[in-house]
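Work through these exercises with the structure open beside you. Try each task before you read its solution.

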Amino acid sequence: MIRKNRLNRIYLIAFFLLSLGAITFFVLRALENNIDLYLTPTEVKAQQIQELEDFKLGGMVKENSVEMLEELNVSFVVTDFENEISVIYKGVLPNLFKENSGVVASGFLEENKFIAYEILAKHDENYMPVKLEVSD
Amino acid sequence: MGSKLSYANFSVLLIACAYLAYQFLQDNFSFIYVFENSSNLLPVFYKFSAFWSAHEGSFLLMILFLSGSLAVNNLLFWEEKWIPISNATIAFILFFYLLFQIFTSNPFLTFDILPKNGTDLNPLLQDPLLAIHPPVLFAGYVFYAVTFSLVIAGLFRGFDKELFKNLKLWAGISWFTLTLAILLGSIWAYYELGWGGYWFWDPVENIVLLPWLAGTAFTHSLIYSRNKILLSWMVFLGISTFLLSILGSFIVRSGILNSVHSFASDPSRGIFLLSLFALFAFASLGLFFSKSVLLKSNWPELISKQYLLVLNNIVLVVILLIVFLGTLYPIVTEVFYNQKLSIGPDYFSSLITPLVFVLIALFLAEQFLGYLKSNQRNTLIISIIIASVFLFLFISELNPVTLGLIFVALALIILLLRALVEFFSTKDIKVMHKILGHLSVVLLTFSVLLNHEFSETIDVKLKPGDEIEFSGATLKLESINVEGQANFDSVVASFSVLESNLKKTLVSEKRVYKIGGVITAETGISSSLIKDYHVVLGDRYQDGSWSIRYSINYGIMMIWISSILLLFAMLYGTIRRHGY
């Protein structure tokens, strides 16, 4: 009886270790593939590049910069009060999107312009658009 | 003595809450909290629900619930052996929560002057679903404090039949409540937020999923606990579930996570809650490791129900760790490397989906355990191998999601047939809640996959009278009107969807609230069992046309239905044993 119990434990431990190894491998791989960097215009400019693949651009929508173009294209400027980047987006803007309030855009940098495929306007506890703090 | 004090505590807190609620109903804006969250124009129902619409009130409500469940526990559970320790544990938690309430989030602060009107309740919260979602969520959280206190009592005085009975009751109720809260939140996100989805793997959502997963593992680990199978594991889960629920409130309230829903972030609140978490974690885990050696646990036999239960628990805990890592990794990189980042939803779905399939395979194995054990075992193994080789040849050209859909559909049919055969041959189903619960989880998985695989979205620009053809159906913008309500003005757009001679009308709205000028959208949705048409009104253009987000979402109704079935199974499974 003791022997059988011990065998069970050995099975269980071996199975557990094997799965643990496999899971760690998959988790790390998935983590690596799905990291979206969150950058401000200053951080983008600091890299001195024209193109950059998928990342999230965060900042404030600059006052009087929102322009409705033909089709469903919209252009606006994201600023962190030091540097700014112009953004082009095609689609419906979220309700909380407003000039002078926080925005997070997912997309990529091409020829110094940010092409967004998703726009999120941040909302706080009171569900108003968040005013970003001026970073020093 | 202890029980009388708990009733007294509850009564006093109830009076405090009633007093605050009364100020809301009376529009007494000299209370800062009332001023910030209500207004003259608000309908009475929302004046009442505004009570828990922001941090201070919602925390007070949570404390009221904690105190209430302490009183109920004293009412139901009269075993002298455990109740003093259980009461002491909850009183300890209550004490720190009240300190937190009084010193960092007092809702009873007043102005010197009396403002004429308040700044109104956040428009997105002016929704019946969201009015009840937070209280249900807090209730789920605090009920787990009761299971925690019972587990602690068990650590000191030993586990017994009576204690297990009470533990199972509270674990079941907490699990049910937390599930209901998550479902309500999902429904709200889908219908009110207009994001077109029900789950976004956003940190604030994940943080609720953590205690839910731990609670699911905990409830399952209780099933065979009376045979002392992995008793110390059960205790560990009971403690973790509670700790994760505190961690959740710390992370949500402190605002350290980069979420779309950022709640009021106040560093002093964050530090207090983090210290509270550290205190509870050290105390309870310290106690666990010093006492757990005393709990004699048995190991289950290979290929037995208990063994499958252990596997189920392992899978659930692995899912928990995946969610935990994905949610907290951004905090680690921000604190240590000053690098802001977020983890995309693919991380979660790609890792968790295969594990959910493993869970479903375990449901199946559990149903056919008899065959696995008996002499027919070899026949069964051979037939499974033949079937899988055949299936593999047949489906090697299909994509993984279709493969998953086929697997889940097969599992659903097999489980359903098995249950029907059992019902018609014996006129009864053994452990009905288990069968129903597992069936609804399989159905839920199926609907989620369906939704993920087939749903489509398009952004268009339409003028009144315009039509658009998309995915086999025609969407027409019928008319746009402006209407006025008590506390908001709204633009109402009527749409019609025509598919194979079946016409459906959808109404989508855009509201501008009179106080603060906040704009919200009311989604236009037309549902059927298989698919939903979903229209969100965007912005108006110079030429009189409107931008519109039009989606066809599959399986949404099935997701709600299977979740509600799951809730029934949980409720029935909880009360069945107790004969209430």
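**Exercise 1. Find how many residues lie between E4(B) and E5(B) in their hairpin, then describe the pairing.**

Step 1. Locate the strands. E4 of chain B covers residues 473-484, and E5 of chain B covers residues 488-499. Helices (H or I, at least four residues) and strands (E, at least two) are DSSP runs, numbered from the N terminus.

Step 2. Look at the link. Three residues sit between E4(B) and E5(B), and the two strands form a hairpin.

Step 3. Look at the pairing. Ten bridges join E4(B) to E5(B), and the strands run antiparallel. Two strands count as paired if DSSP finds at least two bridges between them.

Step 4. Pick out facing residues. Val482(B) stands opposite Val491(B) in E5(B). Gly484(B) has Asp489(B) in E5(B) as its bridge partner.

A note on the model and its labels. This is a predicted model: local features need pLDDT of at least 70, side-chain atom pairs count only at pLDDT 80 or more, and totals for chains, interfaces and linings use all residues. Residues are numbered from 1 along each chain as its sequence is written, while chains are lettered from A and ligands numbered from 1 in the order in which they are written.

**Exercise 2. Describe the hairpin formed by E3(B) and E4(B).**

Step 1. Check the turn. Two residues lie between E3(B) and E4(B). Ser471(B), in the turn, has a positive phi of about 50°.

Step 2. Check the bridges. Four of them join E3(B) to E4(B), which run antiparallel. Ile468(B) stands opposite Leu475(B) in E4(B).

**Exercise 3. Place these strands in their sheet, and explain why one side of E3 and of E7 of chain B has no neighbour there.**

Step 1. Write the order. The open sheet has five strands, E3-E4-E5-E6-E7 of chain B, with antiparallel pairing.

Step 2. Find the edges. E3 (467-470) and E7 (519-522) of chain B each have a single partner strand, so one side of each is left without a neighbour in the sheet.

Step 3. Add the twist. From one strand to the next it averages 25°. Axes here are lines fitted to C-alpha atoms, for helices over the stretch in contact, and angles run from 0 to 180 degrees between N-to-C directions.

**Exercise 4. Analyse the open sheet of four strands in chain B.**

Step 1. Write the order. The sheet reads E2-E10-E9-E8 of chain B, with antiparallel pairing.

Step 2. Find the edges. They are E2 (456-462) and E8 (524-527) of chain B. Each has a single partner strand, so one of its sides lacks a neighbour in the sheet.

Step 3. Give the angle. On average, neighbouring strands of this sheet are turned by 15° against each other, direction ignored.

Step 4. Inspect one pair. Seven bridges join E2(B) to E10 (residues 546-554) of chain B, and the two run antiparallel. Thr457(B) stands opposite Ser551(B) in E10(B).

**Exercise 5. Which residues have the most contacts inside the largest nonpolar core?**

Step 1. Fix the terms. A nonpolar core is a set of buried Ala, Val, Leu, Ile, Met, Phe, Trp, Tyr and Cys residues joined through C-beta atoms within 7 Å. A residue is buried if 20 or more other C-beta atoms lie within 10 Å of its own, exposed if 12 or fewer, and partly exposed in between; C-beta atoms are placed from the backbone.

Step 2. Name the residues. Met62(B), Leu66(B), Val142(B), Ala145(B), Leu213(B) and Val442(B) have the most contacts inside this core of 130 residues.

Step 3. Find the main source. Helix H6 (residues 128-157) of chain B gives the largest share, 17 residues.

Step 4. Zoom in. Leaving out residues up to four places away in sequence, Val142(B) touches Met62(B), Phe65(B), Leu66(B) and Ser69(B). Contact means that two C-beta atoms, placed from the backbone, lie within 7 Å.

Step 5. Look elsewhere. Apart from this core lies another, of 42 residues, among them Leu57(A), Leu475(B), Tyr533(B) and Ile548(B).

**Exercise 6. Is Ala411(B) buried or exposed?**

Step 1. Place the residue. Ala411(B) is in helix H15 (residues 400-426) of chain B.

Step 2. Count. Ala411(B) has 22 C-beta neighbours inside 10 Å, so it counts as buried.

Step 3. List contacts. Ala411(B) touches Ile360(B), Leu364(B) and Val442(B), not counting residues up to four places away in sequence.

Step 4. Compare sequence and space. Ala411(B) and Leu364(B) are 47 residues apart in sequence, and their C-alpha atoms are 7.0 Å apart.
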